[in-house]
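Reader: Hi! Could you walk me through a structure today? I'm still learning how to look at these.
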Amino acid sequence: MKHTLKNPAVYIVFIVPTIALYGLFFLYPMFSSVFYAFTDWNGLDQTHFIGMQNFTNAFKDASFRDSILNNMYFILFSVGIQVPIIIVFALLISNVKRLKGFYKTTVFMPSILSTSVIGILWGFIYDPDVGPITDFLALFGLEPIYWLAEPRWAMLAILLTNAWQWIGFYIVLILAAILAIPREIDEAAAIDGANAVQRAWYLTVPLIKPIVSVVVMLSIAGAMRVVDIVLVMTNGGPAGSTEVMASYMVNRAIKYGEYGYGTALAIIIFAFALVLTALYQFTLGKTERIEY
Amino acid sequence: MPVALKKSIPHIILLAYVCIILFPFVFVVFSSLKESNVEISQAPFAFPKEFHFQNYIDAWVQAQIDVYFFNSAYLALSSAVVGVLLAAATAFAITRMKFPKTSKIIFQSVLIGMLIPGNVLFIAQYILMMDLKILNTHWALFLPYTAGALPFSVLLISAFMKAIPGELEEAAVMDGLSASGIFTRIVLPLTVPALVTVFIINFLGNWNEYLLASFFISKDALKTLPTGMVGFRDAYQTNYALICTGIVFSVTPVLILYAFLQEKIIEGLTAGSVKG
């Protein structure tokens, strides 16, 4: 018995391909990132160790600082505006009797689509000449807005598109948690005379705090990672007004061949994300496990 | 307030939201069937005057959507299949075979992979592709797609395999099956539900992937749908009807998959995000 499942040859054959791929595409890049970040390698000339210079340059780099700010807008928008909307919609869906499945399926749908295709699609909707938003604004006698071409609108346009894609995903996450709460708690409160809004606010919301905390964490992580939608819709423009850290990193590294500097930026982004999520977990996001 | 009205308020709000979700899709399908920008801009919300299916033929053949479509399909499919098989074999080895110490180390180190966001490794992976001299080949996407999916796949399949009762294997061993026989004939068939979930999640991820595809591949004939579509938009900036046709081609397979397997997709994607 023991002999068959203790066959080292089979064991090795079963794990080596995974370990090889994993090592080559995860572990090796991890270590090489750290290595390149301390060099001035540009793919052509000789590589020199330059110590912390890439990192000090990054914080002196005004464009990079602006991109950090744009990531902060992403975080503020997705935590401050999206999360309350998400909670309200999840509560609404959990409370209706009919069409529950339909709502869940529909709101989730945008999150399975390619971000690049969604970027193209919304670029069309925002188009000042043929897009439908222009016609909508015209109903109120408003002039067309050049959403993606004007620095003061471009960021908002991207934030709204991003919200359109991801709100449904988080609604479903929270909805699952709400539906897992035993019905008796809700029924008991109803018998005691609490109305639907009171039950939602005083009962359901405190009970789903842990999952809301997870959603906030995922939103922060997602906002730090955001890149596709910016590359597709504006490529950081107009005049750098929508550049985020990751898009700036990619463009610097690949378009200008500054690989050393690019990997340093990557490490800064990683550190940022780590610090922010840790900060959140130890302060506001602290929740206790809830047992029913 | 009458009860009927009170009951319908949530539905009114939710249906309004559903309209916001669905409106872009309807708009794209209508636009794809319209003759030109003029017809779209005159009445963006209107049903097309006549169905202009020529757009679909033009996009598919002239604009090379067919090439992008097949590239996407075979890359997404092959890398999802290979990824699932590798992950299943590894999960079998570490959960069912009797090498507990090594297995634990392997499992833990694979889990670390789930903590690292893909973007962080992007440039180092780009350099690696340069060193391997596979930039601008499909290997440059196939390998990172397959590797990138492994941590989550191994985690999910392992959790599933752990739950299989040991008596089944004991009986199989008595009957003289080898370790690989137990894997292919007993454990793998029992794991099918988890394999399907993992396969779909990986397939969708690969089908939609943009960042690697746009920087690792520059030859037009090798592009996948997400990057091909962006190039297509930049080339046909003025022809929105044709761009919408391209969007329909890109989104339809995913929506068909979603129509049949929505429960599995929702469950798999949400589990992936929470554990990640």
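Reader: How many helices and strands does chain B have?

Author: Happy to help! This is a predicted model, and in it chain B has 13 helices and zero strands. Reading from the N terminus, the elements go α-α-α-α-α-α-α-α-α-α-α-α-α.

Reader: Cool. Is chain B compact or spread out?

Author: Chain B is more spread out than a compact globule, because its radius of gyration is 24 Å, well over the 19 Å that the globule rule gives for 276 residues. Its C-alpha trace spans about 75 × 65 × 35 Å along the principal axes.

Reader: And what share of its residues is buried?

Author: In chain B, 46% of the 276 residues count as buried.

Reader: Let's zoom in on two helices. How do α4(B) and α7(B) cross?

Author: Helix α4 (residues 65-96) of chain B and helix α7 (residues 139-162) of chain B have axes that come within 7 Å and cross at roughly 40 degrees. They are therefore oblique to each other, and α4(B) passes α7(B) in a right-handed crossing.

Reader: Which kinds of residues make up that contact of α4(B) with α7(B)?

Author: The contact of α4(B) with α7(B) has 17 nonpolar, eight polar and two charged residues.

Reader: New topic: how many residues does each chain bring to the contact between chain A and chain B?

Author: Chain B brings 76 residues and chain A brings 69 residues. On the side of chain B that touches chain A, helix α13 (residues 240-275) of chain B gives the most, with 13 residues.

Reader: What classes do the residues on that side of chain B fall into?

Author: That side of chain B has 55 nonpolar, 16 polar and five charged residues.

How values were computed. Residues numbered from 1 in each chain as written. Chains lettered and ligands numbered in written order. Predicted model: local features only at pLDDT ≥ 70, side-chain atom pairs only at ≥ 80, totals over all residues. Contact = placed C-beta atoms within 7 Å. Helix = DSSP H or I, 4+ residues; strand = E, 2+ residues; numbered from the N terminus. Nonpolar A, V, L, I, M, F, W, Y, C, P; charged D, E, K, R; others polar. Rg over C-alpha atoms; globule rule 2.2 N^0.38 Å. Buried ≥ 20, exposed ≤ 12 C-beta atoms within 10 Å, placed from the backbone. Axes fitted to C-alpha atoms, helices over the stretch in contact; angles between N-to-C directions. Parallel < 35°, antiparallel > 145°, perpendicular 65-115°, else oblique. Left-handed = near helix turned anticlockwise from the far one by under 90°.
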